[in-house]
Structures are given as C-alpha cells and as structure tokens.
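Me: I'm new to this one. Could you walk me through a few parts of it?

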Amino acid sequence: MQNRFKTQLKASVASVAIAAGLMLPSAATAEDVTLKSADGTVNVVGEFVALEDGVYTVRTILGDMRVSASRVRCEGAACPSFEDVSADVLIAGSDAIGLGMMPLLMTGLATTLDADVEMNNVADRETIATLISDGGFGDDIGSYMVSTTSDDAAFTALLEKEASIGMSARRITRDEARALRAAGAGSMVSPSQERIVAIDNVVVVTHPSNPVKELTTAQLRGIFSGEIKNWSEVGGNDHPINVVMREQDTTSHNYFMDYLYEDAKPKYVAQAIGQDDQQVSNVVYSDRYAIGYVGYAFQRGTRSMNLVNECGITISPDAFSAKTEEYGLSRRMYLYARGDTLDEKGQDLLEYATSANADGVIAKSGFIDLGVVRNTEESAANRIRSLEAQLAGYDVGFEGKVAEEMLEEMNKHDRLSTTFRFRTGSSKIDERGRLDMVRLINYLEGASAGTQVTFVGFTDDVGAFEGNRRISQERADALMAELNDTAKGRLSHIQMSSAGYGEVAPSACNVSERGRAINRRVEVWISKDSSNS
C-alpha cells in the first residue's frame, strides 16, 4: 500500500509540470538541475544552460525551456553560484513564508517603488532579490537576501545577527524574546519589531466525492492516530481510510499534531508521506478514500472539511473564519526585526508587508491577508443557526433574555472580519489589535454617512454571568473610545454604539486557555443597509 502511494506522489509532480505546460525528462542525471516554484505549478528538470536577465534556460528532452528566476528556485550541483554575494537586508526563517510569500512581497514592494526586481538563487533555499529603479532601467536601490530554513532558525539568526528580519509561522517565545533583548535587539514584541503579515489555515481535505463533510475533534484524533481505520466509522462508505501526512518535524506537521494531541502525540505511520503540501493535495485529489491536511493555498481540487469542536461548534475553514481567528487551525504569520540593525530598506519591507497595498500579493501567494471584509449572507445565516442551537440551553430568565437581545440585534447587522481580543481580565487588546484598528478606520472612512456600527463585547465563561457581561460591555466601550481617539475625527459620519453579552455565543470551547482566548473578544457589527463608497 505504501509503495503505491509513493508512486502516486512521484506521479503527482509530473502532473503538475504537465498542467503548467512543462514536461519532466524521463530521467535526471547528476549534472541536471531542478527548477521548482513554491506553489508547485512549475517543476522542470534538465541541463542548466544559462541564467541571464533574471531568466533560467534549461535543456530538456523537449528542447530549451526558459523560466523566470523570480518564479522558481534552482536545486542541484550545476545551479549557478555567486561568489562574495552581499545584501542590504538579511532575512531568515520559515520556509512557508520564505518560499510561499516572500517572492511576491518583493515583487509588490518593487512595484510601489516604481522599480523592477531581479531574483537569483545564491544557494539551495537562499535567494537574493535586487530592486532596480526606473522599472529596471535605473540604479540598484536595495538588495534582500532570503534564507528559508525554519521558524526556530529565524530567532537563532536574529540572535546571532545573521539576519535583521526573521520569518515565523508562530509567535516568538518568552525565552527567545528575552535573549534577544539581552543581546541589544530591543523589545521583540513591540509594534515596530513584531509584524503580523498574514493568516494561514491548515485545512483538513478529502476527495470531493467523499460524503463525509465534517469531522469532530475526537474523530480527527482517531483517524490520525490509526484508531479509526474505516470511513464507515465516521459516517462514510465502508472502505479503509488512507491517511496522508507531512514529514515529521515540518512546521505544518508539528502544528497539526500539537492541535490534536498536545504532548500526547501517537506513534503512527501514515499510508503516505508528502514532502510538501502540493504533493499531499495531489494524492488526496487522486484517491477517493484519502484524507490529509494542507495549507489554505493548496486545497486545489480537494474538498475541505468543516471541524466540529468538543462543544459542538462547527467552523468552516474559509477566509472569513481565518480573519476572525475562530477556525481552530488558523495561525498568524510573522515578520520580526532587530531594533538595532534594521535599516531603512528593511523598514520599507516591513511597512509594505503590513499595508493594504500588500493584501493582493499575499492573497495571490495563497495566504489570507488582513484586509477588512464583510460576512456573506450564507456565513451569517449559518452562524445564526449555530447560535440558536447553542442558546437553546439557556434558561428562560435573565440569561435567556440577554441571548434573545443579542440574536435580535444580530439579525439587523452584518459582521466585519475585524475582531479584537484581550488577555484575561484585561481591556488591553492583543498584538494584532493595533494593526486591525488602523485597517478598520480606513474601511469605515469609506462607509456612507449615517452608517451604524456596533462594538459587541464577549468573554469566556470564567466567573459570574453578570460580571462577565459587565466586563464585555466595558471592553466594547473602551475599544469604541480608543478607535475614535485614533481616528481623530475621520469617522464623524459614523453612528457608533456598544453592547456587551458576556459569555453568550462562544466561538470556541472554554475548556482550554486557547479556547477562552478566542472567546474574549469585541466584534464589529455594521448595519445591513450600509455600504462602502
């Protein structure tokens, strides 16, 4: 069985190349190079001929093929090497960001500066991007070396001053931040040094013909530990489940397994191991009985599964639930900067990556940008149905009355994706909140006059119901006041109000700190009849 899956994985690479209009040779030699794109759409093997004007030429059995160096990385001993390469800005860390997002961010940054970008491989998994003014006809205005390694290596490189910017799909730990501060790098969690650039969902996927459309957390644990072996055990057809995983110690594998098992990870050998998300996606798409997990960008022709948590709350892995961070397997993508070595060129990259100008290229790279969006009618209807089921358990009395008030107001409003979260017992928003506040002000500035916006507070269930309701109201009031102060009169045409509903309508289970943190939030509701000009 495992050999068959390995064959499928190899075949999937060939199918990707064919779909892109590129053909793999029948066999590779020691002198051959491989050109690979981060999204899996290009995979060319052949004899290296030249790298000129930012374009690789590779000789294959179909003839010479030319591929833009900005789209691919070159692997193999025959790849061109660059002696005495130096760059203005050194960037290191997460392969997901370095390979999947950074090339397009460089291209977007160049566009904002009316420049062109040349990207060349310096070594395996190392790329240098050079920005050239006047659309490529002027002088060099900056160079950026991107080394794709791992999240842990990002902070090691920052500590040893081998990079001024680190890429990470997780937040810096306290020990890492303290070590860097002691080394003179500054406060790594300050808004100027810690930048959230995107959100990524790790999505559970199956074949589109699979009748199973959602799985509970317990069922997922059973499948990926080997305890549940047949689709009939989870409401599907009577056929063995073929599990596809990423390699151990990859960021995606560790994140997924930590979510399901925390410290009690099972020793389970899957039927197939994918070297990257593209391979996992291809195998799942070609096997009616497979299941795997991939990054949001790599769902392709597979079908994503809704997740049902321990409390019975169903969340779909769509972009809106990622932006609100209510999907259990969403994660933030960070750029970290040393405060003592970051120069103007590095600052330019950070400012661009966190601006609305970068939203398009971030989305194009397959990640989920931080732009403000409005929920669709379908998602709003699904949420109300889910909440009605949850609230049915409240007694007819004070708690029931609060729940009824909330549903009545919810039916009059749409929800915006901007969601502010708080630490336990605090009215201080978390590290993403400052960026979201600026984005929200810009969004609301374009709304029509008289638009009604309500800041709606919620809490976890720790403490008394009325106390939680009071805290949620206080947080909503404080957030509304802070937004107005920050806007400095730009939102005078908006009618604002606030409400607090305490522990009513949890978005996650309150059985863990992660779940409670998700529930400590202020949502932003906007009247249904409003529009953005």
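Reply: Gladly! Contact, or touching, means heavy atoms within 4.5 Å. This is a predicted model, where local features need pLDDT of at least 70, side-chain atom pairs count only at pLDDT 80 or more, and totals for chains, interfaces and linings use all residues. Residues are numbered from 1 along each chain as its sequence is written, and side-chain values use heavy atoms, leaving out hydrogens and water.

Me: Is Arg-331 buried or exposed?

Reply: Arg-331 lies in strand S19, residues 330-337 (a strand is a DSSP run of E, at least two residues; a helix is a run of H or I, at least four; both are numbered from the N terminus). Leaving aside residues up to four places away in sequence, Arg-331 touches several residues, including Asp-200, Thr-251 and Tyr-255. Buried means under 20% relative accessible area, exposed over 50%, and partly exposed in between, using a 1.4 Å probe and protein chains only. Because its relative accessible area is 6%, Arg-331 is buried.

Me: Which residue stands opposite Leu-215?

Reply: Strands S12 and S17 run parallel and are joined by 3 bridges; two strands pair if DSSP finds at least two bridges between them. They belong to an open sheet of 3 strands with the order S12-S17-S18. Opposite Leu-215, in S17, stands Leu-307.

Me: At what angle does H7 run to S12?

Reply: Helix H7 covers residues 217-225, with Leu-220 and Phe-224 among its buried residues. Axes are lines fitted to C-alpha atoms, for helices over the stretch in contact, and angles run from 0 to 180 degrees between N-to-C directions. H7 lies across S12 and S17, and its angle to S12 is about 90 degrees.
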